[in-house]
Amino acid sequence: MAVRRTIILSDGTVITLAKESSIQLDDAYDTGKRELWLTGEAFFDVKHDTAHPFIVHTSFNDVKVLGTTFNIKAYPNSKTTETSLIHGSVRIDSKSNPGNFVILKPNQKVVSNNQSETKDESVTKEYKVSVLQTDSFSKKPEETKWIRSRLDIDNLPLSAIAQKLQTWYGIEVLIADEEVKDYRYSGTFENETIVKTLEALQLSYPFKFEIENNKITIKK
């Protein structure tokens with residue numbers, strides 16, 4: 001059983017959910033109301049849409065974006081909620097203290113207290129902003145380490161690579177053309193989403209992939 005699950009929404013937004021995590025979409029998501037509710041931890045690669053902001057509701061905060069990549073850790077029984085921004089911009093609004101908010105810059109992280117003793121905490125007390133800590137080897141944020149797949153490939157066929165990606169990211173991957181299955185690759189790939197990994201592979205040996213009904217199909 002996969003320890004993570006990938007969901008690709010109708011607008012092209014890619015969400016990777018950690019174990020024991022879930023989302024619930026607004027009923028009107030497909031018509032432009034891009035709002036959802038998160039329980040647990042997820043990595044988001046949000047498709048940019050200036051006219052339709054993307055909002056993630058958690059138990060203690062609302063995170064608002066237009067198009068960006070970020071990670072939210074918001075387990076119900078945790079003492080804190082963490083939002084880590086990789087690219088773009090996000091605004092985190094407090095539910096317990098309406099009017100309190102913080103705007104993150106890339107490579108910043110905010111930790112908010114879920115067990116506030118008072119309803120009128122200042123922004124500086126409610127939110128603690130810090131710089132993301134990077135892994136010494138990959139130079140990528142420790143906060144997204146759980147989602148990254150380091151694939152060390154040595155002359156493997158695409159059929160075997162696709163199976164590895166399906167298992168790691170928790171989404172069905174089909175190969176429609178027999179010829180494509182035998183395309184062979186070598187190299188090291190480490191990305192936060194399966195879409196980014198496939199795009200990296202395309203640079204070495206071109207193929208096409210389509211996403212429909214939360215399923216990825218690879219073609220010649």
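A residue counts as buried when its relative accessible area is under 20%. The legends below refer to a predicted model.

**View 1. Threonine 13 in its loop.** Threonine 13 belongs to the loop that connects β1 (4-8) with β2 (14-18). Its relative accessible area is 0%, so threonine 13 is buried. Leaving out residues up to four places away in sequence, threonine 13 touches Ile7, Ile8, Tyr29, Arg34, Asp45, Val46, Lys47 and Phe54. Two of these contacts, Tyr29 and Phe54, reappear in the ring cluster of the next view, where ring pairs link them with Phe44 and Phe70.

**View 2. Aromatic pairing around phenylalanine 44 and phenylalanine 70.** Rings are taken to pair if their centres lie within 6.5 Å, and by this rule the count comes to 6 aromatic pairs. In the pair formed by phenylalanine 44 and phenylalanine 70, the ring centres are 4.9 Å apart and the planes stand at 10 degrees, so the pair is stacked. Phenylalanine 44 is part of strand β4 (residues 35-45) and phenylalanine 70 is part of strand β7 (residues 69-74), so the pair ties together parts that are 26 residues apart in sequence. Phenylalanine 44 is buried, at 0% relative accessibility, and phenylalanine 70 is also buried, at 0%. A cluster linked by ring pairs consists of Tyr29, Phe44, Phe54 and Phe70.

**View 3. The stacked tyrosines 183 and 205.** Tyrosine 183 and tyrosine 205 form a stacked aromatic pair, with 4.2 Å from centre to centre and 10 degrees between the planes. Tyrosine 183 lies in the loop between α3 (178-181) and β15 (184-191), and tyrosine 205 in the loop between α4 (194-202) and β16 (208-212), so this pair ties together parts that are 22 residues apart in sequence. The two partners differ in burial: tyrosine 183 counts as buried at 8% relative accessibility, whereas tyrosine 205, at 38%, is partly exposed.

**View 4. The largest nonpolar core.** This core has 25 residues, of which Phe44, Phe54, Val56 and Phe70 touch the most other members. Two or more residues each come from β2, β4, β5 (54-57), β6 (61-65), β7, β9 (90-94) and β10 (101-104). The greatest contribution is that of β4, with 4 residues. Around phenylalanine 70, with residues up to four places away in sequence not counted, the contacts are Ala42, Phe43, Phe44, Val46, Val56, Val63, Val65, Ser84, Leu85, Ile86 and Val90. A second, separate core has 24 residues, among them Val173, Ile194, Ile216 and Ile218.

**View 5. Arginine side chains over aromatic rings.** The charged end of arginine 4 sits over the ring of tryptophan 168, at 3.7 Å from the ring centre. In another such arrangement, the charged end of arginine 91 sits over the ring of phenylalanine 101, 3.7 Å from its centre.

**View 6. The surroundings of serine 149.** Serine 149 is located in strand β13 (residues 149-157). With a relative accessible area of 5%, serine 149 is buried. Apart from neighbours within four places in sequence, the residues in contact with serine 149 are Trp168, Tyr169, Phe189, Glu190 and Asn191. Among them is Trp168, whose ring also lies beneath the charged end of arginine 4.

**View 7. The open sheet β14-β17-β16 and its helices.** Three strands make up this open sheet, in the order β14-β17-β16 and with mixed pairing. β14 (172-175) and β16 are at the edges and each have a single partner strand, so one side of each is left without a neighbour in the sheet. On average, neighbouring strands of the sheet are turned by 20 degrees against each other, direction ignored. Helix α2 (residues 158-169) packs on the sheet and touches β14 and β17, its direction making about 165 degrees with that of β14. Helix α4 lies across β14, β16 and β17, and runs at about 160 degrees to β16.

**View 8. The hairpin of β16 and β17.** Strands β16 and β17 form a hairpin with 2 residues between them. In the turn, asparagine 213 has a positive phi of about 55 degrees. The strands run antiparallel, and 5 bridges join β16 to β17 (residues 215-219). Glutamate 210 has threonine 217 in β17 as its bridge partner, and isoleucine 211 stands opposite isoleucine 216 in β17. Ile216 also belongs to the second core, the one of 24 residues.

Terms used:
Residues are numbered from 1 along each chain as its sequence is written. This is a predicted model: local features need pLDDT of at least 70, side-chain atom pairs count only at pLDDT 80 or more; totals for chains, interfaces and linings use all residues. Side-chain values use heavy atoms; hydrogens and water are left out. Rings of Phe, Tyr and Trp (its six-membered ring) pair if their centres lie within 6.5 Å; planes under 30 degrees apart count as stacked, over 60 as edge-to-face and the rest as tilted. Buried means under 20% relative accessible area, exposed over 50%, partly exposed in between (1.4 Å probe, protein chains only). A charge sits over a ring if NZ of Lys or CZ of Arg is within 6 Å of the ring centre and within 35 degrees of the ring normal. Contact means heavy atoms within 4.5 Å. Two strands pair if DSSP finds at least two bridges between them. Axes are lines fitted to C-alpha atoms, for helices over the stretch in contact, and angles run from 0 to 180 degrees between N-to-C directions. A nonpolar core is a set of buried Ala, Val, Leu, Ile, Met, Phe, Trp, Tyr and Cys residues joined through side-chain atoms within 4.5 Å.
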